[in-house]
Amino acid sequence: MDALGIPELSTVPYRSVVEGVSHACGHDVHMSAVLGAATALVRVAEEGAARRGVRLVFQPAEEMHPCGALELIGQDVLDGVDSILALHCDPGVDVGHVGLKSGPITSATDPVRIQVRGAGGHTSRPHLTQDLVYALGSIATQSPAALTRRMDPRSGVNLTWGSIHAGSAFNAIPSAGTLEGTLRRLDHEAWDRAEEPLEEVLADLVRPWGVEARVSHDRGVPPVSNSPASVEVLAAAVRGVLGRENLDPTAQSLGGEDFAWYLEKVPGALARLGTRTPGGRTYDLHMGDLMIDERAIGIGASVLAAACVRAGPAGRLIPSAGRAAPSPSDGPPAGRRRPARLRVDVHPRDTSASIS
């Protein structure tokens, strides 16, 4: 559903068959978990334990700009939806654990591109040029620090460059070059006002070199901000499926996630799904050697399905105190009942759900 333009470095049998492309962020795990949850929820409905409709979203292009979430919102994917839930792989957390927090859990993330132009020439006569490579180096090294002095440090502003290109010959100063990177902020207010300080910083930095510089700053994604009610629903699901001891607090990250656009429309929450084999190596996202402990798929499916069973009107947790447990062999019990406990076992060719 959503691979990255990063070459595959692993040698597993299920490695990417497309040259230069790999699943390096866990989107294939997310899709598999949603599919497993769908299978489990069908079983719940067959047992008469379904309280409300559930829409399962298989969204492509999370890593693209503009992103897939905006496209699906434009196709009315949220019509009639009162809350939305998601999981995202976290290779720094052991499989069997899930991390949650209320409020912002990711950052606002925007793509930034700076194009620089100036008089090029021979490297033996830099004084007759506008030494564009030197100017690019100054922008790359000084702009991140300068920007932090133009914005409230509590906003966690972070400008990091991922690509710099200029020239093709060792003895020629080029006349054009580009910088590309990401601008991240921890809070929505800083996201709303970051463009003007960035332009001011760039203008000040290029002035001594006499080059022309133009910044393209696109609005990427706002922070994912989890609603407390939705966090409560996911937390209850994790406790029911994995046990209270496997529900972990987690910190806000500087990563970006287009699930945030859904939360601009309806309340919801995103949780971090542990994918590291206990005692094993800690991998990183967006790396071609990312490895996932595949037990996380069944756990993710179980948590998502159980959360749907526990969510009531407006996406709030249905209290379970004093309610009788439904039996899988019985028809729909009369009156109020405790939400079912759900476990999903995922195998290569079969997905089964058990309800207790």
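Is Tyr 262 buried or exposed? I began my notebook with that one, and Tyr 262 counts as buried because its relative accessibility is 2%. A reminder to myself before going on: this is a predicted model.

**Entry 1: the partner of Tyr 262.** I looked for a ring beside Tyr 262 and found Phe 259, with which Tyr 262 forms an edge-to-face aromatic pair. The centres are 5.9 Å apart and the planes meet at 65°; the pair is edge-to-face because that angle is over 60 degrees. Both residues belong to helix H7 (residues 259-263), three residues apart, or about one turn of the helix. Phe 259 is buried too, since its relative accessible area is 6%.

**Entry 2: the other aromatic rings.** How many aromatic pairs does the count give? I get three aromatic pairs. One of them joins Tyr 134 and Trp 209, with ring centres 5.1 Å apart and planes at 40°, so I note this pair as tilted. The pair links distant parts of the chain, 75 residues apart. Tyr 134 is in helix H3 (residues 132-148), while Trp 209 is in the loop between helix H5 (195-206) and strand S9 (212-217). I checked accessibility for both: Tyr 134 is exposed at 51%, and Trp 209 is partly exposed at 30%.

**Entry 3: a charge over a ring.** I then turned to Trp 191. The charged end of Arg 219 sits over the Trp 191 ring, 3.5 Å from the ring centre.

**Entry 4: helix H1.** Does the length of H1 agree or disagree with what its 20 residues should span? Helix H1 covers residues 27-46, and at 1.5 Å a residue I expect 28 Å. The end C-alpha atoms are 29 Å apart, so the two values agree. I also listed buried residues in H1, among them His 27, Val 29, His 30, Met 31, Leu 41 and Val 44. Several small residues of H1 are on my buried list as well, including Ala 33, Gly 36, Ala 37, Ala 38 and Ala 40. After H1 comes Gly 48, and I noted that its phi is positive, near 80°.

**Entry 5: cysteines.** How many disulfides does the count give? Zero disulfides, I wrote down. I looked at two cysteines anyway. Cys 67 is buried because its relative accessibility is 6%. Cys 308 has a relative accessible area of 22%, so I put Cys 308 down as partly exposed; the cut-off for buried is under 20%.

Methods:
Residues are numbered from 1 along each chain as its sequence is written. This is a predicted model: local features need pLDDT of at least 70, side-chain atom pairs count only at pLDDT 80 or more; totals for chains, interfaces and linings use all residues. Side-chain values use heavy atoms; hydrogens and water are left out. Helices (H or I, at least four residues) and strands (E, at least two) are DSSP runs, numbered from the N terminus. The expected span of a helix is 1.5 Å times one less than its number of residues. Buried means under 20% relative accessible area, exposed over 50%, partly exposed in between (1.4 Å probe, protein chains only). A disulfide is a pair of cysteine sulfur atoms within 2.5 Å. Rings of Phe, Tyr and Trp (its six-membered ring) pair if their centres lie within 6.5 Å; planes under 30 degrees apart count as stacked, over 60 as edge-to-face and the rest as tilted. A charge sits over a ring if NZ of Lys or CZ of Arg is within 6 Å of the ring centre and within 35 degrees of the ring normal.
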